[in-house]
Amino acid sequence: MSTPPRVAVLTRPAGRNEALAGRLNDAGWSACILPALEIHALDVAAADLPRPADFDMVVFVSGNAGKQYLDQLARADGSSVWPAATIAATVGPASAQGLRESPGFGVNTTVLHPGADAPSHDSEALWDVLCSLPQLPARVLLVRGTQGRDWLGDRLEAHGVAVTRHAAYLRRPANWDAAQLATLRGWADAGVSATWLITSGEGADAVRACLDAAGLLAWWDACRFVLTHPSLVRRVPPGCHGAEPSAMVKICLPNDESIFQAFVAA
């Protein structure tokens, strides 16, 4: 009797799954790249775009936030150098590295972020980093999408920081085509339980809605999950909930190495 294939469904936005898919394929998995959300840049008039020089710190809630905001700056002002007096901050080392590799970010630009060994890479972990500063910055620009958690902005404001929120991009549920849905339906019909990578609440909701429309919710309920934040447990099927860690769920940091190891252990 043959062993059922190990299927990994990678749902991060387009362009962020390929290296991980390659590693999983080499490790014997069948990796399917199926972004849950599409990232759409938002146009903003140059006069309305907040500039980093007007703030003591600019916080990017994700790598996408950094990329889209820097693209907006480039469209408005052309090539420019990040102001040395303005600190940049982000929620993890991967997005921090993306900033450092961006044009205009010099070697002397301060980029704050939780370390690779931090227990999590999220707003709470960045807050711990900011609390270690001699004092909090007085003026903060928080760059984000049109939706998402506002925990960090609220926490900063509660401590007297003037926070300006700027939406640099819009996330929309992706529309999976007939061939992609046929692949999922084939696994469901064959009794193959996939392991899904879920990295945001909006992504989880988009996946569930698409599978519901395709009549595949019963299969989704029997799947396994790799999640990049504990809060996402409540966004996956109820069978994965409970006080004790479920065999159906692995929680890991949101970097490729941690995600790969979570799949291997799943």
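**Notebook: folds, sheets and a few residues**

I began with burial: 45% of the 266 residues of the protein count as buried (under 20% relative accessible area; exposed is over 50%, partly exposed in between, with a 1.4 Å probe and protein chains only). I am working from a predicted model, where local features need pLDDT of at least 70, side-chain atom pairs count only at pLDDT 80 or more, and totals for chains, interfaces and linings use all residues. I number residues from 1 along each chain as its sequence is written, and side-chain values use heavy atoms, with hydrogens and water left out.

**Overall build**

I looked up the dimensions next. The C-alpha atoms fill a box of roughly 65 × 40 × 30 Å along the principal axes. The radius of gyration is 20 Å, which agrees with the value near 18 Å for a compact globule of 266 residues (taken over C-alpha atoms; the rule is 2.2 Å times the number of residues to the power 0.38). For the surface I found about 12,900 Å² exposed, with carbon and sulfur atoms supplying 53% of it (Shrake-Rupley method, 1.4 Å probe). Among contacts with a separation of 6 or more, 64% come from residues 24 or more positions apart (contact means heavy atoms within 4.5 Å).

I found nine helices and eleven strands (DSSP runs numbered from the N terminus: helices are H or I with at least four residues, strands are E with at least two).

**The six-stranded sheet**

What is the order of the six strands in the open sheet? I read S3-S8-S7-S4-S5-S6, with mixed pairing (two strands pair if DSSP finds at least two bridges between them). S3 (37–41) and S6 (111–112) are at the edges with a single partner strand each, so one side of each has no neighbour in the sheet.

Going through some of the pairs, I noted these:

- S3 and S8 are antiparallel over five bridges, and Ala 41 has Tyr 169 as its bridge partner in S8.
- S7 and S8 run parallel, joined by seven bridges; Arg 139 is partnered by Ala 162 in S8.
- S4 (residues 57–60) and S7 (residues 139–145) run parallel with four bridges, and Val 59 has Leu 142 as its partner in S7.

Helix H2 (residues 63–77) lies across S3, S4, S7 and S8 (162–173), at about 105° to S8 (axes are lines fitted to C-alpha atoms, for helices over the stretch in contact; angles run from 0 to 180 degrees between N-to-C directions).

**Around S9**

S9 (residues 195–198) pairs in parallel with S10 (residues 224–227) over four bridges, and Leu 197 stands opposite Val 226 there. S1 (residues 6–10) also runs parallel to S9, through three bridges, with Leu 10 partnered by Leu 197.

Which way do the S9 side chains point? Thr 195 and Leu 197 go one way, Trp 196 and Ile 198 the other, and all are buried. That fits a handy rule: in a regular strand the side chains alternate between the two faces of the sheet.

**Cysteines and Gln 180**

I searched the whole structure for disulfides and found zero (a pair of cysteine sulfur atoms within 2.5 Å). Cys 223 is buried because its relative accessibility is 0%, and Cys 252 is buried at 13%.

My last stop was Gln 180, in helix H6 (residues 178–189). At 28% relative accessibility, Gln 180 is partly exposed. Leaving out residues up to four places away in sequence, Gln 180 touches Leu 34 and Asn 175. The C-alpha atoms of Gln 180 and Val 81 are 43 Å apart, with their positions 99 residues apart along the chain.
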